[in-house]
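Let's look at how a few structural labels are earned. Each question below asks what lies behind a term, and each answer goes back to the criterion.

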Amino acid sequence: MTDASRTPLLEVRGLTTIFPTRAGPARVVDDVSFHVDEGECLGVVGESGSGKSITFLSVLGLVRPPGKVSAERMMFAGQDLLALGERARRAIRGRDIAITMQDALTALNPALTVATQITEVMLAHDRAGSMDEARAAAVEMMRLVGIPAAAKRLDDYPHQFSGGMRQRIMIATALACRPRLLIADEPTTALDVTIQAQVLELIAELRRELRMSVVLITHDLGVVVEQADRIMVMYAGQVVEEGAAREVIEDAAHPYTAGLLASMPSLDTLDRPIHPIRGQAPMPGPMPPLCRFLDRCERTTEACRKSVPLQPIGGGRASRCVWAEEVAHG
Amino acid sequence: MAEMKPLLAVRAVTKHFTIRTSPVEWLMRVSPASLKAVAGVSFDVARGETLGLIGESGCGKSTLGRTVLNLHRADGGSVSFDGKEISAMPEAEFRPYRRRMQIIFQDPYASLNPRRSVAEIVGLPLRLHEGASARQAEEKAAEFLPRVGLSPEHLRRYPHQFSGGQRQRIGIARALILNPDFVVCDEPVSALDVSIQAQILELLMHFRQRYGLTFLFISHDLAVVGRIADRIAVMYLGEIVEIGPTAAILESPAHPYTRALLAVAPRLKRRAGTERVALKGDLPSPLDPPKGCRFHTRCPLAKPICATLAPTVTDLGTGHSVACHLHGGAS
Amino acid sequence: MSGAVAMNAGVQSPLALGWLRLKQNPMAIGAAMVTLLIVAAAVLAPIIAPQDPNEADLFRRLQPPVWLGGEWAFPLGCDALGRDILSRLIYGARISILVGALVVLIASVVGILAGLAAGYLGGWVDRVITGLVDILLGFPYLIFAIGLMAMMGAGFQNIVLALVYKEWVVPCRIVRGETLAAREQEYVEAARALGASRGHVMLREILPNILSPVIVVATVRMAHVIILEASLSFLGLGVQPPTASWGSMVSEGREFLLDAWWVSTFPGIAILVLVMAINVFSQGLRDAFDPRMQE
């Protein structure tokens, strides 16, 4: 997959998003860099407050004031997103990059029929010449995401669908313009386990069929294990670990990733005692220049009492831990 | 096997909800729709045992947990606690049992009164059952908080000042401060962040061991239940479709629904076949459950008989039983 | 961790947070001060009123305010019986404020209890209370009050009763709605699981959580009730002469609007100022305390 000559579909460097809080400005996204290759699935893992969703809202230009977004570089398919105006960016959003939100019930407009919501995007981005054409394409999309009797249900309202079906409709809306990049923000969290499997299977299938890239944002390592090519782990606004999915899961190079893996309930590890990470993630706010995982980590030493950069550790992997080598191999 | 009386015995319990009618419908005597949330469920929980109750949302597992505690009154069947039939007891007579039967809720935000301080929340059980004064209750709460990983300094704070995990600890303190015998844990970790889930699970297991608690542990997550439960009951659309020792359920599941749940449960190792076996379709509406076996509409192994005849329970030995036409009897 | 520490440093109840927000709202504080000033004037009426409000002197009949050639002893002029308008305004404030406060207080207590019972107990209790509420809502407020006053006769006590009869409906409906939502909350279920009585659940668990909107609405309603009292007094169904009330003062000056405008205008302005001050203050209360405004 790592072909040095190919440029990535999305490349972001030094992305920082700042929100004012009562305690002072909070770097909710702090100097985050990543890329997504053509056809790749990047899993973004983190707990609530880790900045994983805001990172991608920032890329799409969807962060509202008083939030402030800055970046050194933001390239999408050869275009410099930083140089584009609001109009041009809006054109990319929805057409080339689509996003699905966690809660399908609130993300779909309850007052509009499903047909309106799907066709609207297509017409707005000139992906369909006429209403009839757009409706036909909408039926096609709904069939693609596995909604039974799609043509009949086109004029139903969101509340007339079940949770899993709504999630599918949101994916259909997102896919209406055949985007090159789909950002799926916790696509399965609100769903039952058996439905979760269906939705993940659907995303994997669509990725193969439409050859699009996918960013899968989730708090659930189990989800990314099955789907992602690469994983980026975020903690308190920073990327703490990055690498090929299988390698990160098999030997994590950051204590937070290792802790998440050890504390995640999994059917493979029932024989092992649970090993929770102690304490809790810091509240968003100004942070001292220390390793942010310091007070929850079991390896903390004097050497950790400084700001730790994200460092490459070979094999396309990176870790934000001074003890990365030891964590990965011990 | 010693013949021990179970602490909790549930027999053929049913719980219906009538969908609210408008005054006009009431006047016109339109008969209200009935939702059978729990449709004839029986099981025992032995003293000191943890029974895991697993199923998807809408299957009636939370309703069952609340019916067992008389928070909803059963419409049929019986619930016995420590040898006494409780489901028909008047509330006044049942009140002493409340201190022995407790519940830990899923949502640590909704389950704590935002206008009450921690001292009031954790002290309430003492005030209600031990006639403690506000001061005494606060002192006892201060003693108890360290056991759930909070400190007495937290007493004067309000729920909004805590994180989800800390709130769940407050809820646990409230449920356990009177040292109950039996606790319904209703998805106690599913609203929490992954790293916090393990903390809370560990805390619950610690209390269980230390005080010999009996749990009815409700969850949608087999990996969580598999870790904490001695036995597992699998619920689908108001019925228990399979029940048995944890090892038997995880290693030799008999019901196709249990197998499907196992197939989609989170694992860290990628499965050899890579493809997940996903169930088709959605959970049918509990307002109008399918005839015959309730699972037949989604079952990959359904036979013609499944659509017409509800399966009976087949005993597979060692406490493992299943309600499915693929096993035993009805052929 | 620094963020968490900073946030938890001041241990604050939701109520204390509300006060903090209220104190930062200059409009609300100004309105509260105007209201308090009028209340203080009413309470201290015997001390600060320059004249006896009921002392008539036909030599001073329709005497104009001081800047139109009147005298300093009667700064806002005199009415048709030669009584001092300023003194009557000060004493009249007592009626307006007392009626407003009493009606809203009694109606709130009745409405809260009825609303809690209807919302939490449900069943026939709910049907009876909602039925009653719906019937009362069918009558236009003023006409209902006029009818009652006609039946019971005028007088302070009857005016309070006549307004309470319908006013309790307002808090009752709010409380019932909020209770219906609150009783589904898990903290209510938690209290029940602990063996709390229905009274405890209603008064100690639910009530504190739904009180904010009730208080906000009560202040708005107080302004409304003051206008209703003035209307009844204007129609001669309120407090009986010679006791001063702003409504009856407006009414008395009606015949002289063209040649002695001050008789009606000053009590009119007094009603306007008090009602506006209360409304602005209740806006501030809503912003500060209504939980739906938070976060």
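Q: How do you know how many residue pairs are in polar contact between chain B and chain A?
A: This is a predicted model, and pairs are counted with both residues at pLDDT 80 or more. A polar contact needs N or O atoms within 3.5 Å, and eight residue pairs between chain B and chain A count as such.

Q: Which elements give two or more residues to the side of chain B that touches chain A?
A: They are α7 (194-211), α8 (222-228) and α10 (256-264) of chain B. The largest share comes from α7(B), with nine residues.

Q: What makes the residues on that side of chain B nonpolar, polar or charged, and how do they divide?
A: Asp, Glu, Lys and Arg count as charged, and 14 residues fall in that class, beside 18 nonpolar and 10 polar.

Q: How many salt bridges does the rule find across the interface of chain B and chain A?
A: A salt bridge asks for a Lys or Arg side-chain nitrogen within 4 Å of an Asp or Glu carboxyl oxygen. The rule finds zero across this interface.

Q: What area do chain B and chain A bury between them?
A: About 3800 Å², with 54% of it on carbon and sulfur atoms. The contact takes 42 residues from chain B and 40 residues from chain A.

Q: Why are strands β1 and β2 of chain A called paired?
A: Pairing requires at least two bridges. Nine bridges join β1 (residues 10-21) to β2 (residues 24-36), so the two strands of chain A qualify, and they run antiparallel. As an example, A:Glu11 has A:His35 in β2(A) as its bridge partner. β1(A) and β2(A) form a hairpin, with two residues between them.

How values were computed. Residues are numbered from 1 along each chain as its sequence is written. Chains are lettered from A and ligands numbered from 1 in the order in which they are written. This is a predicted model: local features need pLDDT of at least 70, side-chain atom pairs count only at pLDDT 80 or more; totals for chains, interfaces and linings use all residues. Side-chain values use heavy atoms; hydrogens and water are left out. Contact means heavy atoms within 4.5 Å. Buried area is the accessible area (1.4 Å probe) that two parts lose on being put together, summed over both. A polar contact is a pair of N or O atoms within 3.5 Å; within protein, one must be able to donate a hydrogen and the other to accept it, and residues adjacent in sequence count only if both atoms are side-chain atoms. Helices (H or I, at least four residues) and strands (E, at least two) are DSSP runs, numbered from the N terminus.
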